[in-house]
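Visitor: Could you walk me through this one? I'd like to begin with the core and then jump around a bit.

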Amino acid sequence: MFPTPIEKRSRGAQVTYQALVPLVLIMWLLPLLAVALFSVRPLADFTNGNYWGMPTSFEFFTNYGKVFLESDMPRYMLNSVLITVPTVIGAVALSCMTGFALGIYRFRGNLLIFFMFIAGNFVPFQILMVPVRDLTVSAGLYDTKLGLVLFHIAFQTGFCTLFMRNFIRALPFELIEAARVEGIAEWRIFWYVVLPLMKPAIAALSVLIFTFIWNDYFWAIVLTQGPDAQPVTAGITSFNSQFVAQYHLMSAGSIVAALPPVAMFFLMQRHFIAGLTLGAVK
Amino acid sequence: MSTAQSDMSWARRNRMILTPLLFLAPGILFFAIYVIIPIGQSFNISLYEWDGLGEATYVGIGNYQELVGDRAFEISLWNNVKWLALYLLAIPAGLFIALFLNQTIVGIRLYKSLFFFPFVLSQVVVGLVFSWFYLPNVGLFDIITGWFGIDVRGGILGNPNTATYGIIAAGLWPQTAYCMILYLTGLNAVDPEQIEAGRLDGAKGWRMLWHVILPQLKPATFIAFVVTIIGALRSFDLISIMTNGGPFGSTRVLSFYMFEKALSEYGFRMGYGSAIAVVLFLIMLVFIGYFLWQMYQDEKAARR
């Protein structure tokens, strides 16, 4: 293990290290802790200039209650769910199929198609913006959740295909050969042999795509407009103009908006990190 | 040969071609409509003057000629260079934190997750959090720098000389967390025998890191490079949230300037916007080409 395990160091080094880690962590998360502190303050604290002292009262329920009851926040959150979940399902379903095709079969153009997916996944959004917006408007899908979902599915298929194909490549190929010798139809091999083995990849991709799409901001402002369809990342800006300079509410709103992917991460940590670091180890 | 047999056999004989084709069809269709074709369309639109609604007028390379003399474009391009160069700091910073945390004390798993957790936040939230952090006079950043007698006029984000760096620092926060997790995973897989061998040869500290550990972390470093460079050139959300391009247009980058030109109150110049997007695309293409070439080398090595 590198660096040298702390257990092998002196007692003093161990104690220092154990004290240092939480200290560094607090510094690392300082901007966030500040927002958390803001979000439980009463308004009076800000008007009196008490930004960083003890809160004069603990207003957790008032502030967060206001976010949920006196703003469009719940609608934006619901929109985010209704955009994110179908995208996850669609992109994962499509890429299970493309990953299977590119990972198992040898045919001319296999690598070319694979590289097309990878390259497309890296392009700047702006090169797609005008045509995609045009397409969405002319399909009558501007300012709808469906319009966003369709685009997200298509774009995420690039990354998902990269992921799935490499995952399938690492599966033992003998399984598929054995199934072919048995005379099993190719689509049955997909359904009964490969798909069950892909469960970890599906779980990892699902949490990753959930986070990516939940956090999308650019396409939300390009393809949607109002509280009918806008997800929470875009909605938070209108929320902030509703409560301008009321830092306690804006902070509480941001925390609420950030919570679902954070919860997803802590609940599905193993899958999340396995997904993010695929390929980081040969 | 009976008819039933030949009937079945066409599909069966060609199943190794048909199956992948059918499995690929929906994915390729979606990807072509929303990604591949629009790239070509943007190239085309960049040759027109178009407000997005009325008739488009063909202007040839007129938009590109206009770009050359456009001061705002120049600033944006220059800011993109700053983003690229400074964003890469996330890689050594991530490695450093990973080395710091690669221990087994009680609760280290939770510490690692908490260090990683800024990456899970949306850039919008990161942007808001940091713009409050940077608030002049009352923001924590201003207070802490004030202890050392540093006072940035107008606050970090209000001052054209510092605003871009302030935004990049905010972007480095989640990006460093990402690089950290890549390296933690990489460090986990480092071969202990090679470390032992290195120790016997008298290597330790930096020399060990440089000659024994880093070569084994190469795959992690490659991914860190890819995601950091792409992330740097994609920067948009933070700028939009934290400064909206200001003060005085000093924090614009190409992605943001394109959006401003094509789709904001500054006018609907789709052609000019597309020309900016094409430039950004070509810059990215250099990196994408390099990444693909690297992956192609790996593929060739892994051919079975």
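**Core, interface and two helices**

Guide: In this predicted model, the largest nonpolar core has 164 residues, and those with the most contacts inside it are B:M180, B:Y183 and B:I276. The largest share of this core, 15 residues, comes from α9(B).

Visitor: And B:M180, what is it in contact with, leaving aside its neighbours within four places in sequence?

Guide: With those neighbours set aside, B:M180 is in contact with B:G94, B:I97, B:A98, B:F115 and B:F116.

Visitor: Switching topic: how many residues of chain A are in contact with chain B?

Guide: On the chain A side there are 76 residues, in contact with 78 residues of chain B. The chain A residues on that side divide into 59 nonpolar, 15 polar and two charged.

Visitor: OK, helix α12 of chain B next. How far does it reach from its first C-alpha to its last?

Guide: Helix α12 of chain B, residues 218–234, has 17 residues and reaches 24 Å between those two atoms, close to the 24 Å expected at 1.5 Å a residue. Its buried residues, among them B:I223, B:I229 and B:L233, pack against α4, α5, α9, α14 and α15 of chain B.

Visitor: What about B:V212, is that buried or exposed?

Guide: B:V212, found in helix α11 of chain B, is buried because 21 other C-beta atoms lie within 10 Å, where the cut-off is 20 or more. Not counting residues up to four places away in sequence, B:V212 touches B:Q194, B:I195, B:G198 and B:A203.

Methods:
Residues are numbered from 1 along each chain as its sequence is written. Chains are lettered from A and ligands numbered from 1 in the order in which they are written. This is a predicted model: local features need pLDDT of at least 70, side-chain atom pairs count only at pLDDT 80 or more; totals for chains, interfaces and linings use all residues. Two residues are in contact if their C-beta atoms, placed from the backbone, lie within 7 Å. Ala, Val, Leu, Ile, Met, Phe, Trp, Tyr, Cys and Pro count as nonpolar, Asp, Glu, Lys and Arg as charged, and the others, Gly among them, as polar. Helices (H or I, at least four residues) and strands (E, at least two) are DSSP runs, numbered from the N terminus. The expected span of a helix is 1.5 Å times one less than its number of residues. A residue is buried if 20 or more other C-beta atoms lie within 10 Å of its own, exposed if 12 or fewer, and partly exposed in between; C-beta atoms are placed from the backbone. A nonpolar core is a set of buried Ala, Val, Leu, Ile, Met, Phe, Trp, Tyr and Cys residues joined through C-beta atoms within 7 Å.
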